[in-house]
Each structure stands twice: as C-alpha cells, then as structure tokens.
Amino acid sequence: MSRVQLALNVDDLDQAVTFYSTLFNTEPAKRRPGYANFAITQPPLKLVLIENPGHGGSLNHLGVEVESSDQVHAEIARLSSAGLFTEEQIATTCCFATQDKVWVTAPDAERWEVYTVLADSETFGTAPVLAGGETVSDDQAIAVCCGTAEEAAAEGACCGSAAKTDAVASGAPCCG
C-alpha cells in the first residue's frame, strides 16, 4: 500500500502530537526528540511533525511512501524518463529511519519524495560535516536540512537537498 506523506513544521511538538492524536484518533508510530510521525490508516496518510519553533504551521515537504526499493527505483526511472531532475538517496538515514528515496521539485518549489523505509534508526540522519570536518548534532542537522519553508524555496535548502552548501561539505540528512 502506498500513502501520501505530509511533513509539517510545528512550534511545539507536544501540543501538535496531542492535537493530531485527537484529530486522527491514533497515537504516533514513532516519537523522538523534535520529531513524531503518524501512520494513519484512514485516510491513508503518513503525517510527519518536525519541531521548528517560530515556523509552525508551515509545510516542510511532501512525499509518497511506497512498499519497496524496487518501487523507488521504478519511480526514479519513470520520473527521469519524463524529463524531471531527480535526486536519488539510496540507503540514506533521515528522520530516524534508513531509507531509499528520490526527490523531485514541483514548479512552485514544493519538494516531493518517493521513499521506502528499510530500517529504524536511533539518529535523525547522517550528520552533516561542516567545512572544518566537525559533525553537527541532530538538532543542528534538522535546522541545516530543513530550515524554513521560505529558506527552502529561496535557497533550495529544503529537505533532501544538498542543504546550505556554503556550510555543509557532505550530504545533509533529509526529513522523510
């Protein structure tokens, strides 16, 4: 079964979890510091909440969760052959999971990922490495990766991108 993913920035994770637990009558499938996700059956939805104080109520990114890596690779081939620029991330760690995924950007700069979860992870993502070789914390990785919706649209720093390339020497984590 595939399902649409909606990733939102929230000011207060505890308040957002309480609200969405009530709205969808379910508890989070995964909860970590600054992060929660819901695997909602009806309607089929993967709701991701990313604590980003001061930017609550804004879209972080969109996605489609699929069942297998084969489906991700089929989407890479399909989207590429349709002329879309794809950014593939295979066996990447982000949002406390190891995933295979592909990113595309819509004409109005919304970032979409098609992904599958391969395994659970105890870390938010592969820690970006600063130009001096220093790695950053999960909280810093979230900020580097996701920034704000305005930053993502203006700088291409949205989740799944190479992120603020002037500050990050290696690939940043995503938020899927």
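## Aromatic residues in helix 1

Tyr20 and Phe24 are four residues apart in helix 1, so about one helical turn separates them. In this predicted model, the ring centres of Tyr20 and Phe24 lie 6.4 Å apart and the ring planes are at 10 degrees, so the pair is stacked. Tyr20 has a relative accessible area of 18% and is therefore buried, since buried means under 20%. Phe24, at 22% relative accessibility, counts as partly exposed.

The whole structure holds two aromatic pairs. Besides the stacked pair of Tyr20 and Phe24, there is the pair of Phe19 and Tyr20, with ring centres 4.9 Å apart and planes at 85 degrees, so this pair is edge-to-face. Phe19 counts as partly exposed, with a relative accessibility of 48%. Through these ring pairs, Phe19, Tyr20 and Phe24 are linked into a cluster.

## Nonpolar cores

Tyr20 is also one of the 12 residues of the largest nonpolar core. The other members are Leu8, Val10, Leu13, Ala16, Val17, Ala36, Phe38, Ile40, Leu45, Leu47 and Leu49. Two or more core residues come from each of strand 1 (3-10), helix 1 (13-24), strand 3 (35-40) and strand 4 (45-51). Helix 1 gives the largest share, four residues. In soluble globular proteins, nonpolar side chains tend to be buried together.

Ala36, a member of this core, shows which parts of the chain meet here. Leaving aside residues up to four places away in sequence, Ala36 touches Leu13, Val17, Pro28, Lys30, Arg31, Leu47, Val48 and Leu49. A second core, separate from the one above, has seven residues, among them Val66, Val72, Val104 and Val114.

## The start of strand 5

Strand 5 covers residues 58-65, and Ser58 is part of it. With 15% relative accessibility, Ser58 counts as buried. A polar atom of the Ser58 side chain lies 2.7 Å from the backbone oxygen of His55.

Leu59 is likewise found in strand 5. Is Leu59 buried or partly exposed? At 32% relative accessibility, Leu59 counts as partly exposed. The C-alpha atom of Leu59 is separated by 9.9 Å from that of Leu49, and the two residues are 10 apart along the chain. Leu49 itself belongs to the largest nonpolar core.

## A charge over a ring

Another aromatic side chain, that of Tyr115, has a lysine at its face. Lys101 lies over the face of the Tyr115 ring, at 5.6 Å from the ring centre.

## The protein overall

The secondary structure comes to four helices and eight strands. Along the sequence, these elements follow the pattern β-α-β-β-β-β-α-β-β-β-α-α. Helix 1, which carries residues 13-24, is the α in the second place of that pattern.

The protein has 176 residues, of which 46% count as buried. Among contacts with a separation of 6 or more, 58% are between residues 24 or more positions apart. The protein exposes about 8,400 Å², and carbon and sulfur atoms supply 55% of this area.

Notes
Residues are numbered from 1 along each chain as its sequence is written. This is a predicted model: local features need pLDDT of at least 70, side-chain atom pairs count only at pLDDT 80 or more; totals for chains, interfaces and linings use all residues. Side-chain values use heavy atoms; hydrogens and water are left out. A nonpolar core is a set of buried Ala, Val, Leu, Ile, Met, Phe, Trp, Tyr and Cys residues joined through side-chain atoms within 4.5 Å. Buried means under 20% relative accessible area, exposed over 50%, partly exposed in between (1.4 Å probe, protein chains only). Contact means heavy atoms within 4.5 Å. A polar contact is a pair of N or O atoms within 3.5 Å; within protein, one must be able to donate a hydrogen and the other to accept it, and residues adjacent in sequence count only if both atoms are side-chain atoms. Rings of Phe, Tyr and Trp (its six-membered ring) pair if their centres lie within 6.5 Å; planes under 30 degrees apart count as stacked, over 60 as edge-to-face and the rest as tilted. A charge sits over a ring if NZ of Lys or CZ of Arg is within 6 Å of the ring centre and within 35 degrees of the ring normal. Accessible areas come from the Shrake-Rupley method with a 1.4 Å probe; for residues, only the protein chains shown count as cover.
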